[in-house]
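Reader: I am new to reading structures. Could you take me through this one and explain each term?

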Amino acid sequence: MQQAAAISDPFGKATTGKLGMWLFILMDGLSFGGLLIGGAALRAGMDSWPEPGQILNISLTAFNTFLLICTSFTMVMALNSIQKGDQKGLVKFLTFTMSGGIFFLGIQIWEYVHFIAGSEELMHNLVLAGLEGSKFLPSTGIYGAVFYAITGFHGLHVLSGVIYIAAMLVPAKQGAFSATNYDRIEILGLFWHFVDLIWILVFTVIYLI
Amino acid sequence: MKQYFSKINQVITKAVWGIWFLDPPKDVSLDGYRIDNTIQYTDTVITFYFSVVVLALVYFIFKYRSRPGHNAQYDRGDSKKNLIATVAMGLLVFFSIDVVIEAMSFKDLKEAFWKFPKGSDVVRIEVMPQQYAWNVRYPGPDGEFATEDDIVPPLNLMHIPVNKPVVIQIAPWDVIHSFYIPNFRVKVDATPGMINAMWFQATETGEFEIACAELCGNSHYRMKGYLTVESESEYNAWLTSLAEEEDEWEEWDEWDEDPLEEVTIPEDWGWPWKEIR
Amino acid sequence: MSTNNESFLTKYIFSTDHKVIGKQFIWLGIFFLFFGGYLSLLMRWQLAYPEQAVPWWLSWGIFFKDAGGIIDPDTYNQLFTMHGTIMIFWAVTPILIGGFGNFVIPLQIGAPDMAFPRLNMISFWTWFLSSVVLLASYLLPQGPAAAGWTSYPPLSSPMGGIPGEGQTLWTLALVLMGTGTIMGAINYIITVVRLRAPGMTYFRMPLTVWGLWLTSIMNAVFVPVIAAGLILLLLDRVLGTEFFVAGGLASGPGGDPLLYQHVFWIFGHPEVYILILPVWGIVSDLLAVFARKPAFGYKVTAICMSTICVLSSIVWGHHMYTTGMSPLLGKAFMFLTLLISIPSSIFFLNWLATLWKGNLHFEPPMIYTMGVVWVFAIGGLTGLYNATVTSDIYLHDTMFVVGHFHFTLAATLVLGLFAAIHYWFPKMFGREINRTMANIHFWVTFVSMNFVFFNMMVLGYAGHHRRLYNPMEFDFLKPLLGLNEWITWFAIINGVIQLLFIFNFVWSMFKGKVAVRNPWGASTLEWTLDAPLPHGNFAQTPTVYSRPHEYSHPSLTDTDWVPQSEPIPGTA
Ligand code: HEA
Ligand code: HEA
Ligand code: CUA
Ligand SMILES: [Cu+2]
């Protein structure tokens with residue numbers, strides 16, 4: 001869609017699409033903010049809360065966090081490539097990013113499955129943390145509820161990000177982008193970096209404190 | 001003075017609201033008049049401002065209606081003078097309505113509704129609403145709640161002595177309810193997981209209805225309690241008789257005109273009294 | 001810009017043209033306006049004739065058959081829940097924001113279309129999907145949601161005692177609807193920021209655009225918040241979490257029903273301004289058009305509306321005075337709430353001042369607009385009773401509150417959207433709406449509506465609490481039966497006359513007089529275009545020279561108006 005000549009432009013050179021994505025990120029951030037603050041409020045009302053690492057596997061998730069940060073890096077590389085006109089590089093780095101995202105989701109699902117299937121050891125840990133049952137489920141106290149709600153909501157974002165990258169890979173392979181036409185990649189990058197950034201927050205709040 | 005004030009207000013509101021004016025339920029509480037006064041003051045000033053609006057509209061419709069030879073006077077209304085005039089009018093509305101009712105309200109809260117009575121002549125009652133009934137609990141001879149000798153009258157019955165402050169603490173069993181006695185102008189929500197408090201004092205004896213004001217399910221509309229205000233001696237006699245008939249509650253249940261079979265009363269409700277504020 | 005190679009599907013169903021999408025929203029909204037209104041009549045019947053069979057002409061002989069035509073308590077709860085939800089989210093919001101937002105914003109700022117036309121289309125179809133989900137809950141054996149439009153848990157949680165999964169579909173539908181709203185909000189905001197024609201500065205935008213733009217900003221900020229809350233509620237319903245469950249129903253400690261109330265009203269209070277801001281804008285513009293005068297204190301009105309937006313985000317506690325909030329908080333919320341009456345009074349006075357010394361033309365849009373001035377004055381002023389902590393202790397959750405918000409929400413918004421429909425009808429369909437029918441419709445609607453909603457407040461003052469299936473259970477409410485009956489009959493009159501509106505709408509669409517380009521002599525940009533508007537709107541991007549309502553300018557001679565896209569003679 002062509003746009004009419006805009007009159008005043010307080011947002012510099014940012015394209016309309018990019019402004020739209022910024023706005024979306026702001027709104028999405030408010031949703032995450034709502035969830036995180038809500039979780040904190042619930043936690044404040046509890047007498048006891050499991051220690052970090054008591055139930056959740058910090059080292060595994062730390063690795064997952066590292067992985068996600070790497071994908072942010074590959075996303076920067078993808079943009080960098082196409083800015084130089086390197087279409088092959090774009091496809092390559094987008095694929096890396098997407099694979100990283102899929103890997104992240106895989107680890108997260110593995111963690112969920114492990115919790116939902118339950119085990120002796122898990123039961124032991126749960127009892128130590130003052131929770132009941134041999135499985136760690138969304139219905140396992142407020143702790144389980146907060147954990148699954150926030151990490152699940154974030155997981156959905158990673159999933160949408162992966163689908164989004166896949167959808168951009170198609171035109172990228174067909175050579176739709178060039179050194180002068182990479183706006184849509186930039187917008188994609190914004191979203192992906194946002195999802196990564198939020199994860200660092202989620203990781204800190206859910207796993208580390 | 002306060003009676004005089006509310007009379008004037010009442011006459012004005014009745015005159016304006018005309019045949020449709022319905023009195024609120026009779027106020028039988030020590031502090032209910034405060035709420036009535038605030039409402040009536042608001043009635044009066046709001047009626048005044050609304051009349052100004054209506055008169056202006058009628059006048060404009062007549063005076064400035066389009067007709068041959070009549071033209072609008074071009075005025076963008078953005079001079080400093082206009083701005084000052086409108087802001088001044090806005091502030092006038094604010095100071096004549098809002099500030100006054102705010103002051104009245106703050107005063108009433110400080111002197112009455114949020115000033116919980118303390119001391120030994122205060123009647124303390126715990127209430128535990130559940131779908132769809134009111135459980136009531138008195139501390140019994142030892143003056144402590146959640147002990148063996150607590151007195152628990154039959155469902156939906158509450159008695160209080162006249163002219164004595166009554167403090168209620170309330171926490172529901174299942175969903176949110178709201179304890180509402182129209183004749184006393186009081187209302188407080190009962191939210192699961194927290195204990196709320198409220199106080200009032202009756203000035204007349206009689207039997208009054210307790211309603212549930214928060215949607216709590218399909219029988220919300222008939223979640224009703226009976227509040228009996230009686231003299232102190234009658235009240236004490238009632239409590240004593242209940243203490244003696246501890247074991248015969250079942251009979252009381254049948255006596256209730258509205259047998260609520262579906263209501264299963266949770267055991268062991270009640271909590272140690274928490275002196276609030 | 002050629003439209004001839006578009007198929008029926010891309011032209012009318014999956015169109016990306018903002019004008020078509022706007023009309024789609026309006027159709028959807030009008031359907032739900034009638035649906036929600038019909039539910040309210042059933043409710044009114046039960047309040048006036050408790051537990052008596054609904055007459056055949058109201059139930060069409062097909063509803064409530066198994067109970068002998070009598071509405072049962074569960075059904076009554078479903079009625080007001082769905083009535084409130086539908087009216088707010090599926091009737092008024094689609095018409096005012098989806099419909100007129102789409103139709104009017106690009107035309108009034110001189111843009112070819114929305115900033116993201118495809119997103120716009122997806123937004124509508126998300127909305128449509130959400131309405132399907134909502135209506136699907138009527139197919140469930142135990143019926144739709146029944147916990148009120150506020151759906152406070154634990155009642156709305158699975159343990160709350162409401163049978164069936166209607167509540168789940170309700171939550172899901174709301175989440176979907178929120179998604180559609182968010183997409184729309186992005187679109188409107190960016191369109192206004194980016195696509196204004198040359199010369200169209202912020203303080204030259206019509207106030208309608210101001211209203212819609214502020215509304216979208218509020219949507220962008222607050223809908224994500226409620227989305228988070230609803231997602232948690234949904235988890236409570238489907239995954240067995242207990243975010244909002246406490247007390248005897250909870251299996252463990254930690255849930256907090258009050259948290260939901262905070263989240264709901266942090267969104268819910270701004271939501272009422274989200275709904276009314278477009279109407280405030282439309283009214284400010286229309287008063288100027290039909291008084292043939294510039295909107296008095298244009299800039300001040302725009303600033304007041306913005307101020308109200310800011311204030312509205314910090315007053316949510318006034319819905320929760322009786323929840324046992326701390327005295328300090330209660331006082332703070334009361335003070336902030338009352339502050340809102342300053343900017344409200346200022347722009348209200350600007351409305352009156354616009355009429356002052358004007359040249360008033362009582363065309364149909366104008367009489368609806370003046371109706372808004374009347375009902376909003378009542379609705380706004382009665383908000384002050386509720387804002388006062390002590391009065392609200394008595395009035396909270398009574399029919400008084402219901403009366404207050406029907407004056408603001410129902411009366412103001414419905415009259416406002418009628419004003420808008422009558423005003424833009426010629427531009428939408430190229431024909432004029434029939435004036436006689438419009439006049440009759442206005443007067444009957446206006447009188448009956450005032451009777452219905454005013455007397456709700458009288459009921460509330462007499463102690464009638466809300467969401468009551470059968471008030472006759474209480475002795476102190478028995479004297480109110482007569483008034484309830486009166487209200488019901490006036491509500492039925494109000495309902496019947498809406499059929500005249502629909503008739504007029506459809507009839508005028510096909511048989512109305514063909515409209516001229518600018519029947520009202522309005523100066524905003526949409527009236528410079530001829531009626532069947534092409535996809536892409538302006539053949540040539542207009543340049544804007546003045547504020548949106550320069551009527552009766554002293555240097556004008558033949559006419560008393562000049563379009564925004566032309567300089568005022570002698571001043572350029
Ligand atoms: C569009 C909708 C809308 C609007 C605009 C408003 C506007 C206001 N509302 Fe209302 N309100 C609702 C919709 C709305 N409300 C709804 C839906 C509910 C109930 C939800 C539920 O529980 O289901 C509610 C409930 C509600 C409550 C909670 C009541 C309770 O549950 O106990 C309160 C309490 O403070 C309140 C206050 C106000 C105030 C102070 C305003 C102010 O903004 C009003 C400001 C306006 C004025 C002050 C009038 C302007 C001035 C004049 C006309 C005078 C000028 C004249 C001259 C100078 C001559 N509202
Ligand atoms: C924009 C919002 C909006 C609108 C327009 C309305 C419009 C109306 N509302 Fe409603 N209402 C709400 C929003 C709205 N309402 C909300 C949010 C609640 C709170 C819900 C809750 O508690 O959770 C509520 C609650 C509510 C109650 C309180 C229920 C209770 O607490 O027990 C009542 C009771 O009278 C009522 C009545 C009406 C009436 C008579 C109209 C009339 O104006 C409607 C007029 C329109 C029509 C009647 C439809 C058109 C005509 C037809 C379909 C033809 C009919 C055919 C024949 C007559 C044969 N509404
Ligand atoms: Cu209990 Cu309503
Ligand atoms: Cu509010």
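Author: Start with two centres: 4.6 Å separate the copper ion (ligand 4) from the iron atom of ligand 1. This is a predicted model, where local features need pLDDT of at least 70, side-chain atom pairs count only at pLDDT 80 or more, and totals for chains, interfaces and linings use all residues. Residues are numbered from 1 along each chain as written, chains are lettered from A and ligands numbered from 1 in written order, and side-chain values use heavy atoms, without hydrogens and water.

Reader: What makes C:His269, C:His318 and C:His319 donors of the copper ion (ligand 4)?

Author: Donors are N, O and S atoms within 2.8 Å of the metal (3.2 Å for Na, K and Ca). The atoms here are ND1 of C:His269 and NE2 of C:His318 and C:His319, at 1.8 to 2.1 Å, so they count. Water is not among the atoms, so the site may look incomplete. In sequence the donor residues are spaced H-x48-H-H.

Reader: Why is C:His318 called buried, and what is C:His319 called?

Author: Buried means under 20% relative accessible area, exposed over 50%, and partly exposed in between (1.4 Å probe, protein chains only). C:His318 has 13%, so it is buried. C:His319 has 23%, so it is partly exposed.

Reader: Which residues are closest to ligand 1?

Author: C:Trp149, C:Tyr273, C:Asp392, C:His396 and C:His404 are the closest of the 31 residues that surround ligand 1. A residue is near a molecule if one of its heavy atoms lies within 4 Å of it. Ligand 1 lies between chains B and C.

Reader: What makes the pair of C:Asp392 and ligand 1 a polar contact?

Author: A polar contact is a pair of N or O atoms within 3.5 Å. An N or O atom in the side chain of C:Asp392 is 2.6 Å from an oxygen atom of ligand 1, so the pair qualifies. For C:His396, a polar side-chain atom lies 2.7 Å from an oxygen atom of ligand 1. For C:Trp149, the distance is 2.8 Å.

Reader: Which helix supplies the largest share of the shell around ligand 1?

Author: Helix 12 of chain C, with six residues. Helices (H or I, at least four residues) are DSSP runs, numbered from the N terminus. Helix 12 spans 364–387.

Reader: How do you know that the size of chain C agrees with a compact globule?

Author: The rule is 2.2 Å times the number of residues to the power 0.38, and the radius of gyration is taken over C-alpha atoms. For 572 residues that gives a value near 25 Å; chain C has 24 Å, so the two agree.

Key
Polar contact = N/O pair within 3.5 Å; in protein donor to acceptor, adjacent residues only side chain to side chain. Helix = DSSP H or I, 4+ residues; strand = E, 2+ residues; numbered from the N terminus.
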